[in-house]
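Hi,

Here's the structure I promised to pass on. Have a look at it first, then read my notes below.

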Amino acid sequence: AEADANTYLFLGDSFIFGQGLADDEALAAQFTKMSNLKVQGVNLGVPGYAPNHLIRLFEAGLLDRYKDKKVKAVVTWIIPAQLARTTGDGSWLGSSPRYVLENGTLRWTGSFNEYRWRNPIAGAKYLLGQQFAFIDAIGMRQRQEEQSDLFVAMMARLQVLAREKFNAPLMIVYSWPDEKSQVEDGDTGVAHSILLSTLLRVRALNAPMIRVDTLTDGMNAAKIMIPHDGHPNAFTNELVARAVSRKFNLP
(Lines give C-alpha, C1' and ligand atoms only; values in the text may rest on other atoms or scores of the structure.)
Protein backbone atom coordinates (compact mmCIF):
# COMPACT_ATOMS: atom_id res chain seq x y z
CA ALA A 1 0.00 0.00 0.00
CA GLU A 2 0.99 3.66 -0.16
CA ALA A 3 3.60 4.66 2.41
CA ASP A 4 1.30 6.88 4.46
CA ALA A 5 -1.82 4.71 4.08
CA ASN A 6 -4.22 4.15 6.96
CA THR A 7 -3.54 0.75 8.55
CA TYR A 8 -5.91 -2.02 9.59
CA LEU A 9 -4.51 -4.81 11.75
CA PHE A 10 -5.97 -8.29 11.19
CA LEU A 11 -5.36 -10.44 14.28
CA GLY A 12 -6.53 -14.00 14.82
CA ASP A 13 -6.04 -17.65 13.98
CA SER A 14 -5.94 -19.63 10.73
CA PHE A 15 -9.09 -17.90 9.43
CA ILE A 16 -7.25 -14.56 9.49
CA PHE A 17 -3.96 -16.12 8.41
CA GLY A 18 -5.53 -17.66 5.31
CA GLN A 19 -4.77 -21.32 5.99
CA GLY A 20 -4.52 -23.23 2.70
CA LEU A 21 -4.56 -20.11 0.53
CA ALA A 22 -2.03 -18.10 -1.44
CA ASP A 23 -0.85 -14.98 0.39
CA ASP A 24 -2.83 -12.63 -1.84
CA GLU A 25 -6.04 -14.59 -1.15
CA ALA A 26 -5.96 -14.01 2.61
CA LEU A 27 -8.40 -11.54 4.15
CA ALA A 28 -5.96 -8.70 4.84
CA ALA A 29 -4.52 -8.87 1.32
CA GLN A 30 -7.92 -8.88 -0.34
CA PHE A 31 -9.01 -5.97 1.86
CA THR A 32 -5.93 -4.01 0.74
CA LYS A 33 -6.45 -4.82 -2.94
CA MET A 34 -10.08 -3.69 -2.81
CA SER A 35 -8.96 -0.20 -1.81
CA ASN A 36 -6.61 -0.01 -4.81
CA LEU A 37 -3.78 0.03 -2.26
CA LYS A 38 -5.10 3.19 -0.59
CA VAL A 39 -5.19 1.42 2.80
CA GLN A 40 -2.96 -1.26 4.27
CA GLY A 41 -4.21 -4.50 5.79
CA VAL A 42 -1.60 -6.20 7.95
CA ASN A 43 -1.93 -9.98 8.31
CA LEU A 44 -1.04 -10.92 11.90
CA GLY A 45 -2.93 -14.22 11.93
CA VAL A 46 -1.31 -17.35 13.39
CA PRO A 47 -2.96 -20.79 13.03
CA GLY A 48 -4.15 -22.11 16.39
CA TYR A 49 -4.37 -18.73 18.10
CA ALA A 50 -7.20 -17.52 20.34
CA PRO A 51 -8.04 -14.24 22.13
CA ASN A 52 -5.56 -14.99 24.92
CA HIS A 53 -2.72 -14.86 22.38
CA LEU A 54 -4.00 -11.58 20.97
CA ILE A 55 -4.21 -9.98 24.41
CA ARG A 56 -0.65 -11.05 25.13
CA LEU A 57 0.51 -9.45 21.84
CA PHE A 58 -0.80 -6.13 23.14
CA GLU A 59 0.41 -6.51 26.73
CA ALA A 60 3.91 -7.64 25.75
CA GLY A 61 4.35 -4.65 23.44
CA LEU A 62 4.59 -6.72 20.27
CA LEU A 63 2.17 -4.41 18.47
CA ASP A 64 3.92 -1.19 19.49
CA ARG A 65 5.65 -1.11 16.09
CA TYR A 66 2.31 -0.02 14.60
CA LYS A 67 1.67 2.91 16.95
CA ASP A 68 2.82 5.43 14.32
CA LYS A 69 1.15 3.65 11.38
CA LYS A 70 -2.26 5.38 11.58
CA VAL A 71 -4.11 2.27 12.74
CA LYS A 72 -7.82 2.77 12.08
CA ALA A 73 -9.13 -0.59 13.32
CA VAL A 74 -8.21 -3.99 14.70
CA VAL A 75 -10.09 -6.80 12.95
CA THR A 76 -10.45 -10.34 14.31
CA TRP A 77 -12.41 -13.45 13.26
CA ILE A 78 -13.93 -15.67 15.95
CA ILE A 79 -14.93 -19.33 15.69
CA PRO A 80 -16.20 -21.77 18.38
CA ALA A 81 -12.93 -23.74 18.37
CA GLN A 82 -11.27 -20.78 20.07
CA LEU A 83 -13.27 -21.40 23.25
CA ALA A 84 -11.26 -24.50 24.18
CA ARG A 85 -8.00 -22.74 23.37
CA THR A 86 -8.63 -20.18 26.12
CA THR A 87 -8.02 -22.95 28.66
CA GLY A 88 -5.17 -24.57 26.75
CA ASP A 89 -7.16 -27.55 25.46
CA GLY A 90 -4.91 -28.35 22.52
CA SER A 91 -1.67 -30.26 22.19
CA TRP A 92 0.09 -27.23 20.63
CA LEU A 93 -0.92 -24.78 23.37
CA GLY A 94 1.41 -25.71 26.22
CA SER A 95 3.60 -22.63 25.89
CA SER A 96 0.62 -20.34 25.20
CA PRO A 97 -0.45 -17.56 27.60
CA ARG A 98 -2.81 -18.60 30.37
CA TYR A 99 -5.28 -16.12 31.84
CA VAL A 100 -7.66 -16.44 34.77
CA LEU A 101 -10.62 -14.33 35.81
CA GLU A 102 -10.29 -12.82 39.29
CA ASN A 103 -13.22 -10.66 40.40
CA GLY A 104 -14.07 -10.02 36.78
CA THR A 105 -10.52 -9.02 35.82
CA LEU A 106 -8.23 -11.01 33.54
CA ARG A 107 -4.83 -11.87 34.98
CA TRP A 108 -1.95 -13.46 33.07
CA THR A 109 -0.35 -16.31 35.02
CA GLY A 110 2.34 -17.49 32.59
CA SER A 111 1.99 -20.46 30.27
CA PHE A 112 -0.25 -23.51 30.53
CA ASN A 113 2.82 -25.74 30.90
CA GLU A 114 4.05 -23.69 33.85
CA TYR A 115 0.63 -23.92 35.49
CA ARG A 116 0.46 -27.70 35.01
CA TRP A 117 3.94 -28.21 36.46
CA ARG A 118 2.98 -26.14 39.51
CA ASN A 119 -0.34 -27.99 39.84
CA PRO A 120 0.33 -31.71 39.27
CA ILE A 121 -3.33 -32.71 39.61
CA ALA A 122 -4.36 -30.29 36.85
CA GLY A 123 -1.41 -31.50 34.79
CA ALA A 124 -2.33 -35.15 35.23
CA LYS A 125 -5.98 -34.45 34.37
CA TYR A 126 -4.90 -32.71 31.17
CA LEU A 127 -2.50 -35.46 30.10
CA LEU A 128 -5.02 -38.22 30.81
CA GLY A 129 -7.73 -36.25 29.02
CA GLN A 130 -5.52 -36.13 25.95
CA GLN A 131 -5.39 -39.94 25.94
CA PHE A 132 -8.86 -40.94 27.16
CA ALA A 133 -12.05 -39.29 25.94
CA PHE A 134 -14.09 -40.36 28.97
CA ILE A 135 -11.69 -38.52 31.29
CA ASP A 136 -11.74 -35.43 29.08
CA ALA A 137 -15.56 -35.50 29.27
CA ILE A 138 -15.55 -35.23 33.09
CA GLY A 139 -16.77 -31.76 34.02
CA MET A 140 -17.06 -30.77 30.35
CA ARG A 141 -20.13 -28.56 30.80
CA GLN A 142 -18.51 -26.64 33.65
CA ARG A 143 -15.29 -26.26 31.65
CA GLN A 144 -17.19 -24.95 28.63
CA GLU A 145 -18.97 -22.41 30.83
CA GLU A 146 -15.59 -21.33 32.22
CA GLN A 147 -14.27 -21.03 28.66
CA SER A 148 -17.27 -18.91 27.70
CA ASP A 149 -16.68 -16.52 30.59
CA LEU A 150 -12.99 -16.26 29.73
CA PHE A 151 -13.71 -15.75 26.05
CA VAL A 152 -16.16 -12.90 26.61
CA ALA A 153 -13.82 -11.22 29.09
CA MET A 154 -10.97 -11.54 26.58
CA MET A 155 -13.00 -9.98 23.78
CA ALA A 156 -13.89 -7.09 26.08
CA ARG A 157 -10.24 -6.70 27.00
CA LEU A 158 -9.20 -6.70 23.35
CA GLN A 159 -11.69 -3.94 22.68
CA VAL A 160 -10.17 -1.85 25.48
CA LEU A 161 -6.60 -2.53 24.36
CA ALA A 162 -7.34 -1.51 20.76
CA ARG A 163 -8.73 1.78 22.05
CA GLU A 164 -5.87 2.37 24.48
CA LYS A 165 -3.07 1.47 22.06
CA PHE A 166 -4.41 2.86 18.79
CA ASN A 167 -7.60 4.77 19.60
CA ALA A 168 -9.20 2.32 17.16
CA PRO A 169 -12.27 0.06 17.27
CA LEU A 170 -12.20 -3.72 17.46
CA MET A 171 -14.19 -5.26 14.60
CA ILE A 172 -15.39 -8.84 15.07
CA VAL A 173 -16.04 -11.15 12.12
CA TYR A 174 -17.81 -14.30 13.29
CA SER A 175 -18.42 -17.80 11.96
CA TRP A 176 -20.48 -18.92 14.90
CA PRO A 177 -23.85 -20.65 15.45
CA ASP A 178 -26.50 -18.17 16.61
CA GLU A 179 -30.26 -17.84 17.03
CA LYS A 180 -30.72 -18.38 13.28
CA SER A 181 -28.78 -21.66 13.33
CA GLN A 182 -29.96 -25.20 13.87
CA VAL A 183 -28.75 -26.82 17.10
CA GLU A 184 -26.54 -29.26 15.19
CA ASP A 185 -25.00 -26.63 12.89
CA GLY A 186 -21.24 -26.64 12.91
CA ASP A 187 -20.79 -29.81 15.00
CA THR A 188 -18.55 -27.89 17.39
CA GLY A 189 -18.75 -30.19 20.40
CA VAL A 190 -19.92 -27.22 22.48
CA ALA A 191 -23.48 -27.00 23.81
CA HIS A 192 -25.57 -24.78 21.53
CA SER A 193 -26.92 -22.87 24.55
CA ILE A 194 -23.36 -21.97 25.57
CA LEU A 195 -22.45 -20.89 22.05
CA LEU A 196 -25.54 -18.71 21.83
CA SER A 197 -25.09 -17.09 25.25
CA THR A 198 -21.41 -16.44 24.49
CA LEU A 199 -22.24 -14.70 21.23
CA LEU A 200 -25.01 -12.65 22.86
CA ARG A 201 -22.55 -11.38 25.46
CA VAL A 202 -19.97 -10.57 22.79
CA ARG A 203 -22.64 -8.63 20.90
CA ALA A 204 -23.35 -6.68 24.08
CA LEU A 205 -19.86 -5.17 23.80
CA ASN A 206 -21.31 -3.09 20.93
CA ALA A 207 -18.29 -3.66 18.71
CA PRO A 208 -18.92 -3.59 14.95
CA MET A 209 -19.60 -7.18 13.86
CA ILE A 210 -19.95 -9.12 10.61
CA ARG A 211 -21.90 -12.39 10.44
CA VAL A 212 -20.24 -14.56 7.79
CA ASP A 213 -23.30 -16.81 7.42
CA THR A 214 -25.29 -13.79 6.23
CA LEU A 215 -22.75 -13.26 3.44
CA THR A 216 -22.82 -16.92 2.36
CA ASP A 217 -26.49 -17.75 2.98
CA GLY A 218 -27.81 -20.38 0.59
CA MET A 219 -24.43 -21.16 -0.94
CA ASN A 220 -23.12 -24.70 -1.27
CA ALA A 221 -20.27 -25.57 1.11
CA ALA A 222 -18.00 -26.36 -1.87
CA LYS A 223 -18.33 -22.77 -3.01
CA ILE A 224 -17.29 -21.16 0.27
CA MET A 225 -14.88 -23.58 1.97
CA ILE A 226 -11.66 -25.38 1.07
CA PRO A 227 -12.72 -28.98 0.26
CA HIS A 228 -12.21 -31.54 3.05
CA ASP A 229 -10.73 -28.79 5.23
CA GLY A 230 -13.37 -26.37 6.49
CA HIS A 231 -11.36 -23.16 6.25
CA PRO A 232 -12.86 -20.31 4.23
CA ASN A 233 -11.65 -20.19 0.65
CA ALA A 234 -10.55 -17.17 -1.37
CA PHE A 235 -14.11 -16.45 -2.48
CA THR A 236 -15.40 -16.24 1.11
CA ASN A 237 -12.46 -14.06 2.13
CA GLU A 238 -13.37 -11.74 -0.73
CA LEU A 239 -16.94 -11.49 0.58
CA VAL A 240 -15.70 -10.77 4.09
CA ALA A 241 -13.12 -8.23 2.87
CA ARG A 242 -15.86 -6.38 1.01
CA ALA A 243 -18.08 -6.41 4.13
CA VAL A 244 -15.23 -5.06 6.27
CA SER A 245 -14.63 -2.30 3.73
CA ARG A 246 -18.32 -1.35 3.78
CA LYS A 247 -18.32 -1.20 7.58
CA PHE A 248 -15.53 1.36 7.42
CA ASN A 249 -17.12 3.23 4.52
CA LEU A 250 -14.17 2.52 2.27
CA PRO A 251 -14.52 2.53 -1.54
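The sheet in this predicted model is an open one, built from five strands that pair in parallel, in the order 2-1-3-6-7. Which strands stand at the edges? They are strand 2 (39–45) and strand 7 (209–211); each has a single partner strand, so one side of each is left without a neighbour in the sheet. If you look along the sheet, you'll find that neighbouring strands are turned against each other by 20 degrees on average, ignoring direction.

Now zoom in on the strand 7 edge. Strand 7 pairs with strand 6 (residues 170–174) in the parallel sense, over three bridges. To find the spot, look for Val-173, which stands opposite Ile-210 in strand 7.

Next, try helix 3 (residues 51–59). This helix lies across strand 1 (6–12) and strand 3 (71–78), and runs at about 135 degrees to strand 1.

Helix 3 and strand 3 also turn up around a cavity. How many cavities of 30 Å³ or more are there? The count comes to one, and about 40 Å³ of space lies inside. Helix 3, strand 3 and helix 8 (140–166) each give two or more residues to its lining, with the largest share, three residues, coming from strand 3. Among the lining residues you can pick out Pro-51, Leu-54, Thr-76, Trp-77, Ile-78, Met-155 and Leu-158, along with Asp-13 and Gln-82. By type, the lining divides into eight nonpolar residues, three polar and one charged.

Have fun clicking around!

Conventions:
Residues numbered from 1 in each chain as written. Predicted model: local features only at pLDDT ≥ 70, side-chain atom pairs only at ≥ 80, totals over all residues. Heavy atoms only, no water. Pairing = 2+ DSSP bridges. Helix = DSSP H or I, 4+ residues; strand = E, 2+ residues; numbered from the N terminus. Axes fitted to C-alpha atoms, helices over the stretch in contact; angles between N-to-C directions. Contact = heavy atoms within 4.5 Å. 1 Å grid on protein atoms, 1.4 Å probe; cavity = no way out; pocket = protein on both sides within 12 Å on 5 of 7 lines; lining within 4 Å. Points joined across faces, edges and corners; volume = space filled by probe spheres on them. Nonpolar A, V, L, I, M, F, W, Y, C, P; charged D, E, K, R; others polar.
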